[in-house]
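Here is a set of short exercises on reading a protein model. Try each task first, then go through the solution.

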Amino acid sequence: MNEEDLVRRLTRWFDRHARDLPWRRGRDEPHAGYRAVVSELMLQQTQVARVVPLFERFIERFPTPARLAEASEDDVLAMWSGLGYYRRARLLHAAACAMVMAHGGQTPREARALQLLPGVGRYTAGAVASIVFNEPTPIVDGNVGRVLLRLHGRDGALDERDTQRWLWERAEELATVAGRERVSACNEGLMELGATVCTPATPDCEACPLCEACVAKATKRQSEIPRPKARAERRPLWFAMVLVRNSRGQILLEQRGSTGMWARMWQPIAAESATEPSGPAAVLERLGGLADVEDEVPTDLSHATTHRDVRFRLWQARWPGGRVPVGRWFSRRAAGELALSNPVRRLLAIREPGEG
């Protein structure tokens with residue numbers, strides 16, 4: 001099966017089987033490119049089902065690059081809550097500012113110009129340029145890479161330099177054959193095929209429009225291709241947190257610094273360490289020793305990042321009155337509208353003793 005046949009089968013399959021996703025609607029509308037940039041950054045390392053409701057809420061609040069650019073970073077982070085990897089939100093905010101400053105509030109149409117925006121790499125630029133603006137340029141992400149490696153029966157891990165070079169060459173061949181008329185369906189079809197059919201585990205080969213040409217299927221090596229990436233070693237990181245309440249039922253939260261993990265996100269008063277804390281002493285010291293600790297809240301909450309294995313211990317305490325040395329008081333409702341990391345949001349959802 002040559003490239004022309006592959007493109008024909010793939011685009012026909014996509015026309016019939018494409019999922020109805022909010023960023024796929026209104027591709028002829030003025031800010032379709034902007035919505036595509038938002039969706040691509042949201043979808044990085046995040047499942048589609050989790051992105052859909054948050055994407056719609058985000059676009060309702062920030063429907064254009066100009067509206068996003070004029071918002072504060074704290075507002076953007078708060079609207080991003082639930083997606084994690086908050087550096088993406090900061091980069092998206094910076095990209096919107098660049099669209100306003102350098103492109104009159106519009107999204108660039110060509111991959112080369114898109115790639116100059118903060119947070120927009122070769123894949124995202126190619127996806128937006130080809131899918132929204134029909135530029136015959138290639139894309140390679142994890143789904144596309146898996147499809148192409150299995151299709152050609154090539155051994156290799158997706159993060160290897162030689163493998164990446166080979167994948168971009170194959171993707172460019174397909175984009176060139178597809179041309180402006182079919183590149184949108186071709187590229188998005190490759191992603192859709194990898195996401196719904198040619199999945200990492202138990203691919204549904206019988207439903208694949210390219211199965212007749214797939215070397216991995218013919219040689220029964222679907223489970224071996226692609227080769228797994230080498231796993232990075234995760235360092236332990238412990239958070240001792242004290243959830244302090246005052247007589248009005250408000251909770252005390254502090255904002256993290258402007259750099260590092262969960263930058264500028266809000267959290268209960270905390271202390272970090274490489275080893276498990278034996279108690280809340282380090283946190284109480286930050287509070288001047290004035291908080292009256294009541295009990296520890298049982299939690300087995302953990303959070304894994306690429307390089308860290310993050311764990312938590314949480315205590316509850318009462319504030320006797322007077323000025324606090326750190327943090328700010330918030331009602332439970334107001335706290336829920338802040339920019340919170342996913343683990344902190346889950347910790348704050350734990351019911352206090354006596355709550356219904």
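The exercises below use this predicted model.

**Exercise 1. The whole protein**

Task: State how many helices and strands there are in the protein, and describe its overall dimensions and surface.

Solution:
- Step 1. Count the elements. The protein has 14 helices and seven strands.
- Step 2. Fit a box along the principal axes. The C-alpha atoms fill roughly 75 × 50 × 35 Å.
- Step 3. Turn to burial. The protein has 356 residues, and 50% of them count as buried.
- Step 4. Take the surface. The accessible surface is about 17800 Å², and 47% of this belongs to carbon and sulfur atoms.
- Step 5. Look at the contacts with a separation of 6 or more. Residues 24 or more positions apart account for 68% of them.
- Step 6. Place the charges. There are 51 positive and 45 negative charges, and their mean positions are 1 Å apart.

**Exercise 2. Aromatic rings**

Task: Classify the pair of phenylalanine 239 and phenylalanine 312 from its distance and angle. Then find which parts of the chain the pair ties together.

Solution:
- Step 1. Recall the description. A pair of aromatic rings is described by the distance of the centres and the angle of the planes.
- Step 2. Note the total. The structure holds seven aromatic pairs.
- Step 3. Apply the cut-offs. Centres must lie within 6.5 Å, and planes under 30 degrees apart count as stacked. Phenylalanine 239 and phenylalanine 312 are 5.4 Å apart, centre to centre, with 25 degrees between the planes, and the pair is stacked.
- Step 4. Locate the residues. Phenylalanine 239 is in strand β1 (residues 235-245) and phenylalanine 312 is in strand β6 (residues 308-318), so the pair ties together parts 73 residues apart in sequence.
- Step 5. Check burial. Both phenylalanine 239 and phenylalanine 312 are buried.
- Step 6. Follow phenylalanine 312 to another ring. Its centre is 6.4 Å from that of tryptophan 262 and the planes are at 25 degrees, so this pair is stacked too. Tryptophan 262 sits in the loop between β2 (251-255) and β3 (266-273), 50 residues from phenylalanine 312. Tryptophan 262 is buried as well.
- Step 7. Look elsewhere. Phe58, Phe62 and Trp80 form one aromatic cluster. The charged end of arginine 122 sits over the ring of tryptophan 168, 3.8 Å from its centre.

**Exercise 3. Helix α8**

Task: Decide whether helix α8 is largely enclosed or not, and name the helices its buried residues pack against.

Solution:
- Step 1. Count. Nine of the ten residues of α8 (residues 122-131) are buried, so the rest of the structure largely encloses this helix.
- Step 2. Name some. Among the buried residues are Tyr123, Val128 and Ile131.
- Step 3. Find the partners. The buried residues of α8 pack against α2 (32-43), α7 (111-114) and α10 (161-196).

**Exercise 4. Two buried residues**

Task: Are leucine 148 and threonine 199 buried or exposed? List their contacts beyond four places in sequence.

Solution:
- Step 1. Use the cut-off. Buried means under 20% relative accessible area.
- Step 2. Test leucine 148, in helix α9 (residues 142-152). Its relative accessible area is 1%, so leucine 148 is buried.
- Step 3. List its contacts. Leucine 148 is in contact with Trp166, Leu167, Arg170, Ala171, Leu174 and Leu190.
- Step 4. Test threonine 199, in the loop between α10 and α11 (215-218). Its relative accessibility is 17%, so threonine 199 counts as buried.
- Step 5. List its contacts. Threonine 199 touches Arg146, Arg150 and Gly194.

Notes. Residues numbered from 1 in each chain as written. Predicted model: local features only at pLDDT ≥ 70, side-chain atom pairs only at ≥ 80, totals over all residues. Heavy atoms only, no water. Phe/Tyr/Trp six-rings, centres within 6.5 Å; stacked < 30°, edge-to-face > 60°. Helix = DSSP H or I, 4+ residues; strand = E, 2+ residues; numbered from the N terminus. Buried < 20%, exposed > 50% of the residue type's maximum accessible area, 1.4 Å probe, protein only. Lys NZ or Arg CZ within 6 Å of the ring centre and 35° of its normal. Contact = heavy atoms within 4.5 Å. Areas by Shrake-Rupley, 256 points an atom, 1.4 Å probe, with all protein chains shown as cover. Lys, Arg positive; Asp, Glu negative; His and termini not counted. Charge placed at Lys NZ, Arg CZ, Asp CG, Glu CD.
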